[in-house]
There are 2 protein chains.
Amino acid sequence: MGRLQTFDSTTVVQSARDVFWDLGYDGASLADLEAATGVNRSSLYHAFGSKRGLFDAAVADYRDTVISPRLRGLQADGAGRRELLAYFDELREAVAALPLDSPRRGCLLVNCATGLATHDEPAREVVEAYRTELAAALRNALAGGPAENTDERVRTLASLSMSAMLLARVNAAESAALLSTAADQVRAWFPAP
Amino acid sequence: MGRLQTFDSTTVVQSARDVFWDLGYDGASLADLEAATGVNRSSLYHAFGSKRGLFDAAVADYRDTVISPRLRGLQADGAGRRELLAYFDELREAVAALPLDSPRRGCLLVNCATGLATHDEPAREVVEAYRTELAAALRNALAGGPAENTDERVRTLASLSMSAMLLARVNAAESAALLSTAADQVRAWFPAP
DNA sequence: GTTATAGTGAAACGAGCGGTACAGAACATT
DNA sequence: AATGTTCTGTACCGCTCGTTTCACTATAAC
C-alpha cells in the first residue's frame, strides 16, 4: 500500500559503493551520493536511514559482488596451485586494466583500514573479518601443496595482496608487480603439474 | 625587530604530527591542532600559512625523526642479515609495545596512501618516494647476501613492512606476526654467520 | 621613550556538512 | 472515486570546517 519506490535499490547501492570506494566514507558527501545515484537525499534517508546505513549497504554489496567472486576459487574443495595463480593473475589484470586517469580505487576495505576502521569498532571488525577470510582462503588453496611453512606462506601471500591493493592508489605498476611476485612464489612452492 | 615567537616550532610540529598521524589529514580539525599544540590558530597560520602547510611540516618531521632513523641501518654500506633482522625486530617491538587502548597509528605515510594521496598529486609523490626509499634500503641490505631473486625478495619484504603498518591499525598481533614472518624469510635466505 | 614591526587572542566569516520538516505526488486498497 | 499510506523534492536546520580580520601585546631598533 502507498507509493512505490521509483529507483532500484541494488543499482543505487552500487553507485554509492563506487563513490565510497573512490572518496572514502568521510570524503563522500551527501551531494556526491545524490549526484552518483540520481536519488534525492530524502529518498536515500527514507531507504537507508543515514549516510552510515547507506555505507553499510555499500560494504555488504562490495563483499557480495567484488570480494566473494574473487575468493570463490581459493575456497573451493581441492583448490591449489591453479586457483592461486588464477587469483593473483586476475587481480593483477584488474589493477593494470585501470586507465591511468581513472580513479585508482584499490580495495574498499583496505581503504577503510587506515580511515574509518581506526576509530570505529564496527568498521574495524569488518576489515578484520575480510583479512581473516582472505587468509583462510589462501590457506585452503595452499593446503593442496607441500605442507611446509604454511603460516609463513599464508602471511606472505596475504601481505602481497593487501599491499598491492594499498599501492593501487599510488603506483599501479608496482601494485601489479607485487601480484606477479605472489604468483612467482606460488610457482616456486608448488611443483608444476 | 618585532615581537618574538613564544612557542618552539619543532615541538609544535611534532604535536601536530601526532594528531595527523592518529586522525589523518581530513580528520584532524584546527580545534584538534590548537588543543594538541597549545597554540592559537592565528599563530599557526602565521607560522605555517595553512592547515596544509602545517601538515607538510609534520610530514617532513616524520621523515626526519621516524623513518630515517629506522632505515639508516639498512642503508649503511655493508648492511646485511643483521641489519635486516634488527629492522624487522625493532619495528615489531614498536607495534607490539603500543598499549591496546592507545591510538593505533601505523605509519603516517601508509595512512596517507588511501587518503590524501589518492586525489592529491603532491601527497601521492611523497608516499611513492617513501616506498622507493624503503625498497632501495631493503635492496641495499639484501645485496650483502646471495644474489638470487633479489627483486622478488625486495618486494616481499617491502610488502610485509607496508601491510604490517596497514594492519597496525586493525590487528596489532597480526601486524607483529607479519614482521616476524619477514625476519624468518631473511633468516632462510641468509646463511647464519 | 618612541616608533616600527611582528606575534597573539578572540571573534567572526562564508561554505559545506549530515540530517530533517513538510507539502505534494503516486500508488494500493476499499 | 475516495482514502490511507508511502515515496519524493524543496528548502532549510544547526553545526563544524578552514580561513580571515582586527585590535592588542610584546619586542627590537633608534
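This short talk covers a DNA strand, a helix pair and two loop residues in a predicted model.

Ground rules, quickly. Residues count from 1 along each chain as its sequence is written, chains are lettered from A and ligands numbered from 1 in the order written, and side-chain values use heavy atoms, leaving out hydrogens and water. As the model is predicted, local features need pLDDT of at least 70 and side-chain atom pairs count only at pLDDT 80 or more, while totals for chains, interfaces and linings use all residues.

DNA strand D to begin. How many residues surround DNA strand D? The number is 23. Near here means that a heavy atom of the residue lies within 4 Å of the strand. The closest are Thr6(A), Ser42(A), His46(A), Tyr45(B) and Lys51(B). On the DNA side, sugar and phosphate make up 64% of the strand D atoms that come within 4 Å of the protein.

By class, the surface near DNA strand D has eight nonpolar, 11 polar and four charged residues. For the classes, Ala, Val, Leu, Ile, Met, Phe, Trp, Tyr, Cys and Pro are nonpolar; Asp, Glu, Lys and Arg are charged; the others, Gly among them, are polar. Helix α3 (41–48) of chain A and α3 (41–48) of chain B each supply at least two residues of that surface. Helices are DSSP runs of H or I, at least four residues, numbered from the N terminus.

Now the individual atoms. A polar side-chain atom of Tyr45(B) sits 2.2 Å from a phosphate oxygen of DNA strand D. For Lys51(B), a side-chain N or O atom is 2.5 Å from a phosphate oxygen of strand D. Ser43(A) has a side-chain N or O atom 3.2 Å from a sugar or linking oxygen of strand D.

Next, the helix pair. In chain B, the axes of α5 (residues 81–97) and α7 (residues 121–142) come within 8 Å and cross at roughly 140°. So α5(B) is oblique to α7(B); oblique covers whatever is left after under 35 degrees (roughly parallel), over 145 (roughly antiparallel) and 65 to 115 (roughly perpendicular). Leu84(B), Tyr87(B) and Phe88(B) of α5(B) meet Leu134(B), Leu138(B), Ala141(B) and Leu142(B) of α7(B), with contact meaning heavy atoms within 4.5 Å. The tally is seven nonpolar, no polar and no charged residues.

Last, the loops. Asn149(A) lies between α7 (121–142) and α8 (150–167) of chain A. Its phi is positive, about 50°, although Asn149(A) is not a glycine. Asn149(B) is in the loop between α7 and α8 (150–167) of chain B, with a positive phi near 50°. Buried or exposed? Asn149(A), at 47% relative accessibility, is partly exposed, a label for values between buried (under 20%) and exposed (over 50%), using a 1.4 Å probe and protein chains only. Asn149(B) is partly exposed at 48%.

Terms used: Axes are lines fitted to C-alpha atoms, for helices over the stretch in contact, and angles run from 0 to 180 degrees between N-to-C directions. A polar contact is a pair of N or O atoms within 3.5 Å; within protein, one must be able to donate a hydrogen and the other to accept it, and residues adjacent in sequence count only if both atoms are side-chain atoms.
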